[in-house]
Every structure is written in structure tokens, then in C-alpha cells.
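Q: Hey, can you walk me through this structure? I'm new to this, so plain words please.

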Amino acid sequence: MSQNDTNPFSAIAHLESIKQCIQCGTCSGSCPLADLMDHAPRELFALLREGAFDEVLHSNTPWFCVSCYACMVRCPREIPVTDLMYAFKEVITKQGTAPKNLKMPDMYQAFSHNIKETGKVTESQVMARYGMKHPLDALKNIPLAIKMQMRGRLELKAQKVADPKSITRLFELTEIPKDKP
Amino acid sequence: MTTQNKPKIGVYICHCGMNIAPKVDVEEVARYIQELDHVTVARDYKFMCSNPGQDMIINDIKELGLNRVVVASCSPRMHEKTFRNAVRTAGLNPYYFQMANIREQVSWVTKDSQEATEKAKSMVAAAVARVFFHQPLDTREVTVAKSVLVIGGGIAGMQAALTSANAGYQVSLVEREPSIGGHMAKFDKTFPTLDCAACIMTPKMVDVLQHPGITLYTWSEVEKVEGFIGNFEVTVKKKPRYVDEKKCTGCGTCMQKCPTKKILSEFNEGLSFRTAIYTPFPQAVPNVPVIDATHCRVLGQNKKCGVCAKFCETKAIDFDQKPEFVTLKIGAIITATGFQAVNPTSLEQYGYGRFPEVYTSMEFERLNNATGPTSGKVLMKNGMVPKRVAIIHCVGSRDTRHKKYCSRVCCMYSMKFAHLLREKTGAEVWEFYIDIRSPGKLYEEFYNRVQEEGVRFIRGRVAEITDMVEDPGDEGRLTVIAESTLTRRTVRVPVDMVVLSVGLEPARGSEDIGRLLGLSRDGDGWFNELHAKLAPLATPINGIFLAGCCQGPKDIPDTVAQAMGAAGEAIALLAKGIVTTQAEISRIDPDLCSGCKSCIESCTYSAIRFDEARKVAVVNEALCMGCGSCAAACPSSAAGVKHFTDKQVMGEIEALLM
Amino acid sequence: MKICFYPGCSFATSAGYKESTEAVCRKLNIELNEIPDWNCCGATVMFGENKLRATTLAARHFALVQTMGFEDLVTGCNACYATLRKAARLLDRDRELFQKTQEVLHNLGLELDRIPKVRHLLEVLMEAMPDSTSDKYKTLSVGAYYGCQLTRPDQELDKGWYPEILEHFLARIGFSVKEHSARTQCCGASHAVIYKNECQGLSHRIIREIANKGAQVITTVCPLCQFNLDQAQTQNNEPRLPVTYFTQLAGLALGLAPAELGLNKLLVSADKVLTRP
């Protein structure tokens, strides 16, 4: 059972909509990566309704959402499933409860870091940063990188905005204070 | 009546059990009201509508000499009649009564108890102020025409017509299609007992045709409805059939000879063809064809043909037929306009219309029917017998993007399909459901039986149906993808055929019928009953009743029961022979009337005529519904509605604003 | 016609999207006004990290569009399109978020008063491309791949699951179109780097379907879709279908040379299907 008494997800917009969920499975049936998820999307809603907040905080499910919105346009209760997956990730990131062995949060971090530093995303740079934590994954992509290079499609130099500091500043201005552990 | 010049008002505050009392401090309200002018007594009681409650009012009138009564309780729609009767019983005119609704308008909708009590006080005070100005009113009695109009010739309309006619009343049954029978005529078997729909249906159709008390108007529509309870005047439009019903013998030669043969059959849900002159199905009642004017070469395309006329031995074909209008005097109306199946095209992930082997349930009914396009063999479009079939529940139902309600019949008919498929084809059947809803006599047992027969029940709403092939061996099949929520697996089931168990929605045209009759519809388009529990067959329009699916989705047993009930209501009205007209009707003061006729134009019930001799407008009390349009339209304040006089209404408002 | 264009991070390194877009626009007299100093839209990552940050990263462009004097913003990337639209939708509905976003932008020296309409490059070409007058590509059968974020979640351009606008467009400009059922299936782009096997499976399923239905070439409207479907075929022998951009096909229809359209940059070469008589 949950250790948390208060719902850490309570501030999410449209969270109320999960009360309407009838557990029909349309979301999971529509989900391309449902097989990789520890809980079906609808199960997260059921868990929240049961008050099992820790289960949701530690679930890998939101991290496998590919943002294809198939669930969202089909849900017979019009629950904004995809939007909720984003919001769950935001809470999980804030609380620092993402599963430790999961690679996706590291990729997100590398991506976000690249934007923070340069204002833009340069694939090679994101891979380099991510590769520091997961060198094998980075190596696996080298053959492809070579093919891309041959067609003039690999940018090694970072793309940048004119004043990268302004984007860093944007990041600082939108920083949310971390919750106490 | 000197006593009534000096008003002595009794006020009764109802607790309504726990509905009003804990939220509204009823004792406080009674104390407050007691202090108002002209209030002789103010009491509170647990249930004012109960026998002891009514007795309390009656005794007070007799003992305290009350001449006005106010009850503060529920909606007047619920108990105004009850209390007026109590007042009458005590010898007072029933219109010396006023009701304040402190339940629906106060206790149920106010959160704060103090606020609720204050609101109740001012509403009851307003009722007291109003009743002060009440006047005694009289009702009149009008005789009732001993005839019933039934709109719609499906199983509901047929049953309502038969029951009414069996009681000895004249029935006119109007059906817009060429034959009676409705949806049920398209079914093969019916759940849960699996009796053959035709076997129980066709004899009833013949009964309707042959019953001396029933006049059948098929290929006809209700055009106009005027009048009021017991005295409706209804105009029925008989659309041109282009076939003389009296001359036609139903031999069918015209249909065999008609050269226009490739018209999609409505009765077979577009799965087969019909000719331009046709009966929808062989057992049609009446067995008289109609000519489809759009597709007929003579009527629609101005070409030379007339083959049907050439071969007709009784010379029944009449290309010059015109619409005919029949006027009927009607005592009661039963609306039985039914439903239509939801079109699933907009649920694009199911591929209906794109994949030939995705059928709606109505299509499957025909595919499965002995008189259907395949003579009852369940075959795919390529002529093969399906080896695996998926049935998908809740298509368009329980879905806020489509129909938010449960269509009630789909679980059961889906399981009927599963049974028939197992029996007829031996195919493997997969049912994808969200919840199985089988609340009916022998329904759960039927579910168990179908489980026994090896149907695979997967709890999960289907995400999509695709023709994308995972395994080359499944080329040409469809794959049904869903989460099996009980095992948390995504299942991908290759199948040969898919049946979409589509939901029910109000029949096309029910909006128009509603407008003709003055019936209101709910948010989903179904006709509103007067009261969900206590008057489920009546409507807010006196003398008009509901039967079958036009009021909401229901299965055949419920439909037939409701049809008999609606007929019972109509019979009760007709048997009594008289109705009491309402007293709250309009009155035009001849001294003030300037003869401008504005009121005549504004009256939707045609209840005002002009007296040429006196040059004033006069209200027909039998027709007036007391709507007040004339009062609003009258520039010289000559027209007014009894029981809604300026004094009464302004007095009430003034007290509310205090 | 003048349009305000947001290229997004993947546009320049894509397999000829930039070249073909520029060439086609030149030919059609469409003036591409690139938003100066644009930044990354945040893609699918930022809304999972911080809603205000994600909205502001997107809204920075709305402020820039405003200073350029445009009403609309056009992008050719589905991820950018969906992300910018999501931000626009949120700003439109959430006053508090709008004010906070305004504040942050103000601190960065930018002012945001109005939200532009976010449009896809496909819409622009659907309006601007002339009907085909030649039979040159009538025998080239194309499978249109929309990806998931063009029609979902808004379903404004067309139906969410089985749209048809791209088919109509391609037919109108002179190509033979093959109907298929994978048009908005997800290719797994956002997770492809880490979950290679699973996402390759998603991509292969799409390619197989399009090949099964008889197409010789795939066309896409997004650099991420193109990249994913293209690269998935480098480790897989069959079927191999060139994955083009709709702008490249539009360029061919306008009579431009393949080299001018960057068609040489595809991983699966289109030479064979394009040079076939």
C-alpha cells in the first residue's frame, strides 16, 4: 500500500477526468509500446483512485508514452490520456522517483540539457551526453551515424541560438523548486 | 362568502423525510411564517402528502375556518393535485391553494443550511402573498372521442393498437414504411429464449391487418395534430403508392417484371437488391407493393417503361396517384416511433465501410435470416463460411463522443449472435466486451449458456480493426486489436468477420414528430416521459402516451409490456368518456378588448375566435391551454390568464424581493 | 505568398526536406520567412519535464512571429507542429499560464499578446500546388504516411486515424496513390534510439503494410518519420521502399531535378523507382 497520504498528482489539470475511467482498455490496446509498460495506462488511473500513489510515482509507464495520441482520441470517456502521461512525468521528475534502471529519463535529461545549453537540439550532442551514461547504446548507433555522415546529414557541430544564455535564463526563470525528499 | 373576504391562511411546511428537514430548519420557517399577516396557523410535519398530513389540513380548514392553504414541500408537478384534492375534500375551492417548492428549488440545490432556511422562508412568504389574491375557479368536463391514434407500426405500435382495439376502441395505426413490422421483422431469433421472430411476429401483423377495430395507414405520415386530450384532430398524409390497394391482389408479377432491379434493399440493410416496384419483404403487411418514385423509369426518369402496368391483371398500377389526406377525430395518441441503429462510420478505427467483412448488427441480423440475402447462411462476401468471428460490444454506446448511454440490448443480442454463429457455422467466436449487462429474466442464464458453448469472452474494448497482416498466413483476414484487461495482454486476433454491436438512437424524424405533438426530448433525443417512475408512459401533453424505444432503448419484452401499458392508459381515458379541462385558462375582458386580433394571431392552439357582432375576441375554453401568449400580446390588457393574474404574480414577486 | 516558417532542429539535416522545400517554394513564388533565432520547440520531452518551461519555449516563437508581423506560423515537422499547437491550446485556455508565460518572456525582452495559428507546410502546398497536367508520374505508386502527430489529437486537418488529405493531394499533383492502413500508425521515433528492437518493429510494420498494398515509394510530412522509416530499412533487407518527403514529390511534379530536391540524401535510394520508364 501507499506510504503517501496526500496525492502528489493532485495539482494536475484534468486529473478529475480519471474518475470517469471505465477500465475498458482502449488506451492500452491503442498503445504502440504498451508491452514495455509495467502498468497499462488505465491501471495508473485505477491506482490513483485507490490511493496507491507510490505505485504511480515509480511506474515506468509514462516514460514509454510515444505521444501518438491514439489513446486520447479514442477514449470513450474523453480522458486526455497523453496529456496526463506528460503531467505524470512532470510530477515524477519533480519528486525524483523515476525508476533507477530506466534509460528514458536519462535521454530526456540529455535532450533537455542540450536545449538549455544551446537553445536547439543537435542529435549527435544529445547522443554524446546520453552515451556517457549508456555507452553501449551510443556505440550501437555509430554505423548509422556513419551512413548519415556520408550523405551530409550528420551535424557534429552544435546548432545554437544567437544568444544561448537567454535560453539558459528561460530555464532558470521556469525552474520549479524541488520538493523535499 | 364573507369569510373569504378576510383571508385566513394555513401554512404547512413538509420535512419530506430527510429530503428537506435537515437542510432547511423547518421549525424556524414555521415560526417565521406564523408571524405574517393573515396567517392563522403554520405547522411543520414529516410527510405532508401522507394521509395524516392531508388530514391535518382538512381538520384545520374545518376547525380553524381556514380559507387559504399553502403547502411548502416538493415540486407542484409531484403533489399539487394531492393537496388540491385535500382542500376540496374540506369543502374549499381547490384553487384557494398555493404550493412552494422548497425541495427541488431549495434543499436539494443549496449547500449551506442557513442559506437554505432563509431561501425557504422567502419562498413560503411569497406563496402566502400570492394565495391572498387567489380566486375560486371552476373546471369543465368535455367528452372524449372513443378512438386511438398509434404512430409507428413496429412491435410497440402493433401491440398498442391490438390491445386498444381488443378493448373495443377504434384504432388508426400510421406507419411511414410500406409495411408494418419495424425492426423486429428483420430479426431471425430473439433472446433469451431464441424463439423465431417471424413465428411470433407475422401472425400479429396479420391480426393487425384483419382486426375490424384497426384502420391501417402504411406508407403514410402524420401531417398535423390539433386539439387537445380527448378531442385531437389529426391529419394523416397517405403518400402515393402508385398501386391501388383495393385492386392489388399481391400476386407479385409486377416485381418480377420490373426492369429496374439494382436498388439496394433497405430491408436487407443494403446487402441485396430490390426492384423499383417492391414490397420490403415477402411477408409484408399489407401485401401491396409501392413504387419507388426516385428509381422508377416512368416516375423518376421520364422514360417509357410501364412494364408493371402492362402485366398487372387487375389494373392496379396508377402512375397518376397523388398524396391523400385523411382527417381523424382522436381521443388518445400513442407514440411508438422507435429507434434506429447508430451508424459506426465515424468510429474510423473500426473500418466500417472500408473493410467488407465488418458488419453492423442489423446487417448481421439479415445475413442470419432465412429471408435475408444469403437465405440464412452466414457467409462472407466471397461466399465462404467464416472460421473465426469477432463481435464487438458497445460500438457507439457508453462513449461520450457518440452515445453516452448504455443501449441496453447489445450485450444480449451479441450473445445471441455468438450462439447462432456457433450453431450454424461452428466458427470460433470472440466477444469483446466492457461489462456484460444481462439484467432480465433468464438473461444471465443465457450468458452462462453461451459461455458453455465455448464463446471466448475478452474483457476489453477493441482499440482497432486492421487489415494489416502480421503473419503471411493471415493474408485477407482482419486483425482485431484490444487489451484483454483481465490478463493485461494486448491481443491481436486474426478473424474472417467482425460484427459491430452498434447502439440505438432515436429514429430518424422523431424530432419532427415531437414538434407536431408538442413532446419534449431529452439530451439524447428520446421522448420525455411525464415521470420516470410514476408516469413512465404518459407525457407532459395530456392524452399522449409513449410506447417502446421512442422513450429510450429497450428490448422486446419491455417494449411489448410498455405498449400494453400505454394502451391501458389510453383505454382508461377513453373508458371514462369525459375529461376535466383545466381552470387556468385565458379570459378576455370584452369591455377592455379593442378588437385588434393580436391575441388570435398569437394563439398556437387556435383557441380564440373573433365575435363579429360585438367586435371582440372570445376564448374557446375547451381549446385554451392557458399558455398566456394572448395575455402577452394584448396591447389593452384585456387578455389575462386565470390563476396568473397581475395581482397574484406581482404579489408573489414583491414578497420574494422583500 | 509569404509565410513565416519555423524549420525546427531536424529540418536542416534531414534527407532533402530543406532543399526540396526551398526549391518548391521558389518555383511557386512562396516566400519562406524563417523565424530569426528560433529555438527547439521542446518536442515530446519538455512537457514531461515542466509545463511552464515547455509552453514558454514554444511561446518564444509566438512572440517572434508577432514582431515579424505574421498571423500564422508554418512548420514542416509533425513533432514541432503538435508541440507548438499544444502550447497554443494551453495558452488559449489557461489564463494563469498565459500570464506566467508573458512574464518570463518579458524578462527575456520579448512581448507576447496574441497566439498565432500554427499550420503545417502541407496545408500551404495543398493550396499552392497546381493540378498535374502530365502523366509522367502516373505509374509511380506512392503510399502516404502521415505519422501520428499531424491529425492527432486535434483532428482538425482531417480524421485522426484514417485521414485522406495527403492521398487527395498526391493524386491531384499527378501520382498514383496506394491506399493502406498504416497511415497514422506510430513509428516509435521518440523512443527509437534506446528501444531499437521494439521501435524497429513498429517501423517495419508500417513499411511492410505500405509495400503489401503495392506502393513503390513512401512519402512523409515529417523529418522524424522520414528518418525513422528510412533508417529502419538499413538493417533489414526487404522490402526496401525509398522514403521521400511530400515536398520532394511536389518538386518532381513541378519538373524539378531529383538532385535539386536532395533525393540523393535518402538512405534507401530512390534512383531506381524514379528513373524507371
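A: Sure, let's start with a bit of vocabulary: a residue counts as buried under 20% relative accessible area, as exposed over 50%, and as partly exposed in between. Also keep in mind that this is a predicted model.

Q: OK, so is B:C196 buried, exposed or partly exposed?
A: B:C196 has a relative accessibility of 22%, so it counts as partly exposed.

Q: And what is B:C196 joined to?
A: A disulfide links B:C196 to B:C199, with 2.5 Å from S to S. A disulfide is a covalent bond between the sulfur atoms of two cysteines.

Q: Which hand does the link of B:C196 and B:C199 have?
A: The link of B:C196 and B:C199 is right-handed, with 90° about the S-S bond.

Q: Is the partner, B:C199, buried or exposed?
A: B:C199 is exposed, at a relative accessible area of 52%.

Q: How many disulfides turn up over all chains?
A: Searching the whole structure gives 1 disulfide over all chains.

Q: Why does A:C31 have no bond to A:C68?
A: Because the two sulfurs are too far apart for a bond: A:C68 holds the closest cysteine sulfur to that of A:C31, and the distance is 6.5 Å. A disulfide needs the sulfur atoms within 2.5 Å. As for its surroundings, A:C31 counts as buried, with 18% relative accessibility.

Q: What about B:C308?
A: B:C308 is in no disulfide either; the nearest cysteine sulfur belongs to B:C296 and is 6.2 Å away. B:C308 is buried, with a relative accessible area of 9%.

Q: Let's switch to sheets. In what order do β11, β12 and β17 of chain B sit?
A: The order is β11-β12-β17, and these 3 strands of chain B form an open sheet with antiparallel pairing.

Q: Which strands stand at the edges, and why does that leave a side without a neighbour?
A: The edge strands are β11 (220-228) and β17 (324-330) of chain B; each has a single partner strand, so one side of each has no neighbour in the sheet. On average, neighbouring strands of this sheet are turned by 20° against each other, ignoring direction.

Q: How many bridges join β12 to β17 in chain B?
A: There are 7 bridges between β12 (residues 231-238) and β17 of chain B, and the two strands run antiparallel. To pick out one pair, B:K237 has B:F325 of β17(B) as its bridge partner.

Q: Cool. Is strand β1 of chain C enclosed too, and what is it made of — I mean, how many of its residues are buried?
A: In β1 (residues 2-6) of chain C, 4 of the 5 residues are buried, so the strand is largely enclosed by the rest of the structure. This β1(C) runs parallel to β2 (residues 31-34) of chain C, and 4 bridges join the two. In one of these pairings, C:K2 has C:E31 of β2(C) as its bridge partner.

Q: New topic: what domains does chain C have?
A: The domain assignment gives chain C a domain 1 (2-122) and a domain 2 (132-275). Their centres, taken over C-alpha atoms, are 24 Å apart.

Q: How many residues of those two domains of chain C are in contact?
A: On the domain 1 side 25 residues are in contact with 31 residues of domain 2. About 2300 Å² is buried between these domains of chain C, and carbon and sulfur atoms give 64% of that. C:A15, C:N78 and C:L122 supply 27% of the area that domain 1 of chain C buries against domain 2, more than any other three residues.

Q: C:A15 again... what does C:Q226 touch?
A: Leaving out residues up to four places away in sequence, C:Q226 touches C:A15 along with A:R153, C:T220, C:V243, C:T244, C:Y245 and C:L266. C:Q226 lies in helix α9 (residues 223-231) of chain C, and C:Q226 is buried, with a relative accessible area of 0%.

Q: Last one: how much area is buried between chain B and chain C?
A: About 1100 Å² is buried between chain B and chain C, with carbon and sulfur atoms giving 42%. In chain B, the residues that lose the most area to chain C are B:E348, B:R354 and B:M468, together 53% of what that side buries.

Technical notes
Residues are numbered from 1 along each chain as its sequence is written. Chains are lettered from A and ligands numbered from 1 in the order in which they are written. This is a predicted model: local features need pLDDT of at least 70, side-chain atom pairs count only at pLDDT 80 or more; totals for chains, interfaces and linings use all residues. Side-chain values use heavy atoms; hydrogens and water are left out. Two strands pair if DSSP finds at least two bridges between them. Axes are lines fitted to C-alpha atoms, for helices over the stretch in contact, and angles run from 0 to 180 degrees between N-to-C directions. Buried means under 20% relative accessible area, exposed over 50%, partly exposed in between (1.4 Å probe, protein chains only). Domain bounds come from an automatic or database domain assignment. Contact means heavy atoms within 4.5 Å. Buried area is the accessible area (1.4 Å probe) that two parts lose on being put together, summed over both.
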